[in-house]
Amino acid sequence: MLAELRGLNEECGVFGIWGNPNPAHLSYYGLHALQHRGQEGAGIVVSDGQHLRAVKGEGLVNDVFNEDKLKAVNGKAAIAHVRYTTAGGGGIENVQPLLFHSSTGSLSIAHNGNLVNATHLKQYLERQGSIFHSSSDTEVLAHLIKKSSHSPFRAKVKNALSLLKGAYSFLIMTKDEMLVARDPHGLRPLSLGKLGDGWVVASETCAFDLIGAEFVRSVEPGELIIINDEGVKSDRFADMDKRSMCAMEYVYLARPDSDIDGINVHMARKRMGKQLARECAHIEADVVTGVPDSSISAAIGFAEESGIPYELGLIKNRYVGRTFIQPTQELRERGVKMKLSPVVQVVKGKKVVMVDDSIVRGTTSRRIVKMLKDAGAAEVHVVISSPPMTNPCYYGIDTSTHEELIASSHNVDEIREAIGADSLTFLSVEGMVETIARPYEDENRGLCLACFTGKYPTEIFPDTILPHEKELLR
């Protein structure tokens, strides 16, 4: 995608493997498959059964690792992470997996998501004497585990997890075992796979495909999976709350070849495109084009349903990273010109339907519409395969204020005028929910729609630590 998510930053990806003689190398390939989920840093922590060793750095997977570094940390198990800054900030100290050493043993943690009560927990822990070495919300979990008086280790982890609020998929590794946890709402995807006699965990199933692992099942919300040399055991640290998988995983975040809860992302996006065509059947056009990459599936569905031919009206420069991940809006906007080029012979003199997956600030949509019109397009009709984003996300996608979202303060016609389109149509919330087609019967079919509806599945601004939570902290 290049679409309007240049202001909508990814939330990170995690990968873990246990019981394999080449965990560092397989983690490297797993992170390659998850590179789209974060480009600011990458890391691998390996266990050889006695020690935990880390290799990590800022930048892309290819920039961080080489053969010598991977050989230096080989063992039998590993957890790995690609990062985009959500809570905390940049800097090598925040690149995960985080690794902690103490007299009672070493501990490493990788996290996908965002903890909405991290600030209050951190303040409480600091008052109790904890010293934090990073600004990442992930470090809070390590301190909660260390502080817990429970025994054995997995009981400490369960106690610590029960205090967290927000979105999280955690991989926690010691020299003896790997623990895998997903928040009670299941806001972020996490899957379990098998590779030979070993086990694999990843944010997306596309990582399994790359290394030849077999998908086993999704990690359940509120579940704690324990993986060690004896095999795999399932436990719970919390009852499953109302399922609330982030809808943007299907719309944009996940790779199209991944499956989330048994639903292929490409097929879901294609169905969204078909529904979008039904909802704006009034548009008369000559050609349909999608904004690369994640909008292509929806554009194909739109073309099939509408009967308007699909063409490559926009070409992506494959050697430029995801524009929206650039750290400033100015760089994001400059990157649009580097990233996309119009195919003049396809759009010149034509009425063009431009399919994109979302509009955040509107700045990039305006630039793409102008690009198409400068290439000779007679009309540009923008259709969006998701509803207007009117509310911030606090669960790991970096839109934390209403001011960042053009749809929060402008209606559809005002947005259309701002981006210079001849028409603008968003997919309805109902249409999106039904076409994603998750196999659950509740009102939202097990989706979090907070950025579209303002109905958040968790408390957003917990202003204190409750008395029963203080008991758990003892």
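Reader: What pLDDT does the protein chain average?
Author: This is a predicted model. In the chain, 89% of the residues score at least 70. The average pLDDT is 90.

Reader: Over which residues near the start is the pLDDT below 50, and how many contacts does this stretch have beyond near neighbours in sequence?
Author: Where pLDDT is low, the predicted coordinates should not be read in detail. That caution applies to residues 1-10, where pLDDT is below 50. Beyond near neighbours in sequence, the model gives this stretch 77 contacts.

Reader: Which other stretch stays under 50?
Author: In the model this stretch has 28 contacts beyond four places in sequence. Its pLDDT stays under 50. It covers residues 322-327.

Reader: Which strands stand at the edges of the open sheet of 7 strands?
Author: The order is S3-S2-S4-S1-S10-S9-S11, with antiparallel pairing. Each edge strand has a single partner, so one side of each is left without a neighbour in the sheet. The twist averages 15° from one strand to the next. The edges are strand S3 (52-58) and strand S11 (214-218).

Reader: Which residue in S10 is the bridge partner of Leu195?
Author: Strand S9 covers residues 191-195, and strand S10 covers residues 198-202. They pair in the antiparallel sense over 5 bridges. The bridge partner of Leu195 is Gly198.

Reader: At about what angle does helix H1 run to S2?
Author: Helix H1 covers residues 23-33. It lies across strand S1 (13-18), strand S2 (41-47), strand S4 (77-83) and S9. Its angle to S2 is about 155°.

Reader: Which are the edge strands of the open sheet of 6 strands?
Author: The order here is S5-S6-S7-S8-S12-S13, with antiparallel pairing. Each edge strand pairs on one side only. Neighbouring strands are turned by 20° against each other on average, direction ignored. The edge strands are strand S5 (98-100) and strand S13 (231-236).

Reader: Which residue in S8 stands opposite Ile172?
Author: Strand S7 (residues 166-173) and strand S8 (residues 177-182) run antiparallel. They are joined by 5 bridges. Opposite Ile172 stands Leu179.

Reader: Across which strands does helix H5 lie?
Author: Helix H5 covers residues 139-147. It runs at about 125° to S6. The strands it lies across are S5, strand S6 (107-115) and S7.

Reader: Where do Cys246, Cys393, Cys448 and Cys451 sit with respect to one another?
Author: UniProt, in an unreviewed entry, gives these four residues the feature "binding site". They span 206 residues in sequence. Yet no two of their C-alpha atoms are more than 10.2 Å apart, so they gather at one spot. Cys246, Cys393, Cys448 and Cys451 are included in the lining of the largest cavity.

Reader: Is Cys393 buried or exposed?
Author: Cys393 is found in the loop between strand S21 (379-384) and helix H14 (412-419). Its relative accessibility is 13%. Buried means under 20%. Cys393 is therefore buried.

Reader: Which residues does Cys448 touch beyond four places in sequence?
Author: Cys448 lies in strand S23 (residues 447-448). At 9% relative accessibility, it counts as buried. Its contacts are Leu187, Ser244, Met245, Cys246, Ala247, Tyr395 and Pro457.

Reader: How far apart in space are Leu314 and Ser341, C-alpha to C-alpha?
Author: Leu314 is found in strand S18 (residues 314-316). It counts as buried, at 2% relative accessibility. Leu314 touches Ser341, among others including Thr289 and Ile368. The two are 27 residues apart in sequence, and in space 5.6 Å.

Reader: What covers the buried residues of helix H10?
Author: Helix H10 covers residues 296-306. Its buried residues are Ser297, Ala298, Ala299, Gly301, Phe302 and Ala303. Just after H10, Gly307 takes a positive phi of about 80°. The cover includes helix H9 (265-279), strand S17 (287-290), strand S20 (351-356) and S21.

Reader: Why is S20 largely enclosed by the rest of the structure?
Author: S20 runs parallel to S17, with 4 bridges joining them. S20 also runs parallel to S21, with 6 bridges. S20 is largely enclosed because, of its 6 residues, the number buried is 5.

Reader: Which residues stand opposite Val355 in these pairings?
Author: Val355 belongs to S20. On the S17 side, its partner is Gly290. In S21, it is Val383.

Methods: Residues numbered from 1 in each chain as written. Predicted model: local features only at pLDDT ≥ 70, side-chain atom pairs only at ≥ 80, totals over all residues. Heavy atoms only, no water. Pairing = 2+ DSSP bridges. Helix = DSSP H or I, 4+ residues; strand = E, 2+ residues; numbered from the N terminus. Axes fitted to C-alpha atoms, helices over the stretch in contact; angles between N-to-C directions. Contact = heavy atoms within 4.5 Å. pLDDT = per-residue confidence, 0-100. UniProt positions renumbered as here; feature names shortened; annotations may be inferred. 1 Å grid on protein atoms, 1.4 Å probe; cavity = no way out; pocket = protein on both sides within 12 Å on 5 of 7 lines; lining within 4 Å. Buried < 20%, exposed > 50% of the residue type's maximum accessible area, 1.4 Å probe, protein only.
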